[in-house]
Amino acid sequence: MSATYKIKIAGLERELPMFPVSDTLDIAAFIIFGDVEMTVAASAELLKKAPEFDVILTPEAKSIPLAYEMSRQSGKPYIVARKGPKVYMRNPISVSVRSITTKSVQMLYLGEDDCDMLRGKRVLIVDDVISTGESLTAVRELAEKAGGNIAASCSILAEGDAADRDDIIFLEPLPLFSK
């Protein structure tokens with residue numbers, strides 16, 4: 001039987017499977033894909049905590065269902081910072097990012113149309129989990145490059161030291177597990 005970590009988020013209990021990320025560290029993996037009940041409940045709770053905003057920006061990929069549901073509930077549009085440039089992106093802008101769950105440096109991209117939607121707007125950055133803050137920093141940089149004004153950054157979970165940050169909104173802390 002695999003090890004799990006029990007957590008309660010937005011009134012819902014979940015058992016998160018544990019995975020090693022190094023020889024000395026394990027994480028409890030929070031995967032929102034397919035968990036519609038959690039997506040709906042967490043979206044409602046995050047929207048209660050969020051300041052006024054005009055548009056949601058999220059990195060590809062795990063937080064897309066959350067951004068979609070927060071968009072649906074709030075009536076505000078959402079934009080996805082893509083991991084690769086697409087043929088339909090005119091004049092893309094990009095930033096690099098390295099996160100705890102990714103083995104190599106990645107890039108995030110926005111096309112000109114997305115930049116137009118962000119320019120001069122109050123941007124709510126949405127992610128599923130904030131851990132080291134590297135992804136968050138990259139998305140903030142991308143939003144600012146596009147001319148957006150950061151209203152706030154939020155996530156369902158703040159992992160490890162991220163739970164001590166005062167510049168993010170989150171629903172629950174998630175510990176890291178040293179071994």
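Asp-116 is partly exposed in the predicted model, its relative accessible area being 37%. The side chain of Asp-116 forms a salt bridge with that of Arg-119, with an N to O distance of 2.8 Å. Arg-119 is likewise classed as partly exposed, at 47% relative accessibility. Elsewhere, Arg-14, Asp-35 and Glu-37 are joined into one network by salt bridges that share partners.

Within this network, Asp-35 pairs with Arg-14, and the closest N and O atoms lie 2.7 Å apart. Distant parts of the chain are linked by this contact: Arg-14 belongs to strand β2 (residues 12-20), whereas Asp-35 is located in the loop between β3 (25-28) and α1 (36-49), at a separation of 21 residues. Both Asp-35 and Arg-14 are buried.

A further salt bridge is formed by the side chains of Asp-128 and Lys-62, at 3.5 Å from N to O. Asp-128 is part of strand β8 (residues 122-130), and Lys-62 is found in the loop between β4 (55-59) and α2 (64-74); the pair therefore ties together parts that are 66 residues apart in sequence. The two partners fall into separate accessibility classes: Asp-128 is buried, with a relative accessible area of 4%, whereas Lys-62 counts as partly exposed because its relative accessibility of 31% lies between the 20% and 50% limits.

In total, the structure contains 13 salt bridges, among them the pairs Asp-116 with Arg-119, Asp-35 with Arg-14 and Asp-128 with Lys-62.

Note on methods:
Residues numbered from 1 in each chain as written. Predicted model: local features only at pLDDT ≥ 70, side-chain atom pairs only at ≥ 80, totals over all residues. Heavy atoms only, no water. Salt bridge = Lys/Arg side-chain N within 4 Å of Asp/Glu carboxyl O. Helix = DSSP H or I, 4+ residues; strand = E, 2+ residues; numbered from the N terminus. Buried < 20%, exposed > 50% of the residue type's maximum accessible area, 1.4 Å probe, protein only.
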